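Visitor: I have a model open and plenty of labels to make sense of. Could you walk me through what earns each label?

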Amino acid sequence: MAEDDDADDDARPVGPPLPPDDRLWRHPSELRAYGGGAATAPPPAASPRIARPASWPLLAATAAGGAAMAIGVVVLTGAMSPRVVERSVIEKVAVTPVVSTPMVTGPGLAAVVSQLGPVLVRLEVEQADGSTFVGSGVVFRDDGAVLTGSRVVADARSIEAVLADGRRLDAEIVGADPLTDIAVVDVDADHLPVAALGTGSDLSVGEVTVTLGAPDGSAADPTVAGGMIIALDRWLQLGTDVTLHGLIQTDGDAASHLAGGPLVDANGAVIGVTTLPTDGDVDDTFAVPIELAHRVATRILAEGRMVHAWLGVEGTDLSAAQQRSLGLAGGAVLHEVVEGSPAAESGLQPGDVITDLAGRDVRSISTLIVALRACDPGDLVPVGYVRGPARQQTTVVIGARPPG
């Protein structure tokens, strides 16, 4: 059988080119050459677009770039984007300024107070012993979900919520988490103004803040305590059973009725929920970072309670001498590993120094707890540790904190 002659296929045609109308495809230059003039190709048929809901990590990345994002409907404030997405419940997360003038100036502070005043709630709590405690809360969903402190509503026999417009409404505890001093209270009202939640992940010492509390009466202005951040990742002992971790500390004046109210940044976004020391000698104000507060509140609304991650270890901070000896900047030294716990199942032992968990640096026991608070039971997370002179890695299946 004769082979195909490829040379014939590549040979140029002899003679003039075919008329444009006799060809299935023409280059625009050929049209001009034959007097066809410039031609515009018809636009291709548009492909159908499928709307896809944005995921939370994508929203978080957008937020870091200065956009505005929302779970529910974004309520416009300041220079936020006019785009809205409708859903049944409104929350608001704003990373563009809530007010156009930062509150380092008088007009900016007034704008912050004006913006956040409508979202503040005064909580008048009748306790089991008949006494009354007054605290604050902040509306974070328009269906009446109010973020506050667990100690504000502790031992409550009844709660009356006083809104900024003067309405007095009954309120009920949805759930409370003493380990983070966060609670959610449901107020019997809809279509309420909603606070813009910011972020505490990029805060630094020296930033200006203000703590807001509900007014003493419906016609009064909110209580305002200005200050600045003096420390981050602080811990606070509450009585003998509870220690709060990863707190924001400011030099604003502490007052009991500010408990449960919002701590806001210079742009008017909520960055924390105020918690107060039990020691009366401490004048500074502390706040639970808003990411943790919102995480706990969301879980309470979904399940009625917060289930914390559990590793099953006890330990202390790495001492300065140990840091120098091991060449570490910090760590958590394990003194006890509970038998049958997630830590024990992963091979961790007393004497190990945990240096990172789930991609977060661990410089102390407190930062280990903060890293755990970002995990859920059942999560499979990497744990870095030092045993003797050697750095090692293991994987832990996070457990649920036992009751009690």
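Visitor: Why is Arg141 called buried?
Guide: Buried means under 20% relative accessible area, exposed means over 50%, and partly exposed is in between, using a 1.4 Å probe and protein chains only. Arg141 has a relative accessible area of 19%, so Arg141 counts as buried.

Visitor: And what makes Arg141 and Asp143 a salt bridge?
Guide: The label needs a side-chain nitrogen of Lys or Arg within 4 Å of a carboxyl oxygen of Asp or Glu. In this pair the closest N and O atoms are 2.6 Å apart, so it qualifies. Asp143, with a relative accessible area of 24%, is partly exposed.

Visitor: Before we go on, where do these values come from?
Guide: This is a predicted model, where local features need pLDDT of at least 70 and side-chain atom pairs count only at pLDDT 80 or more, while totals for chains, interfaces and linings use all residues. Residues are numbered from 1 along each chain as its sequence is written, and side-chain values use heavy atoms, with hydrogens and water left out.

Visitor: How many salt bridges does the structure hold?
Guide: There are 12. One of them joins Arg168 to Glu124, with the closest N and O atoms 3.0 Å apart. Arg168 sits in strand S7 (residues 168–177) and Glu124 in strand S3 (residues 120–127), so the pair ties together parts that are 44 residues apart in sequence. Strands here are DSSP runs of E with at least two residues, and helices are runs of H or I with at least four, numbered from the N terminus.

Visitor: Is Glu124 buried or exposed?
Guide: Buried: Glu124 comes in at 18% relative accessibility. Its partner Arg168, at 45%, counts as partly exposed. Both belong to a network of salt bridges that also links Arg122 and Glu160.

Visitor: How do you know that Asp188 is exposed?
Guide: Asp188 has a relative accessible area of 64%, which is over 50%, so the exposed label fits. Asp188 lies in the loop between strand S8 (182–187) and strand S9 (208–213).

Visitor: Why do we say that strands S18 and S20 pair?
Guide: Two strands pair if DSSP finds at least two bridges between them. Strand S18 (residues 353–357) and strand S20 (residues 380–387) have four bridges, so they pass, and they run in the antiparallel sense. Asp356, for instance, has Gly384 in S20 as its bridge partner.
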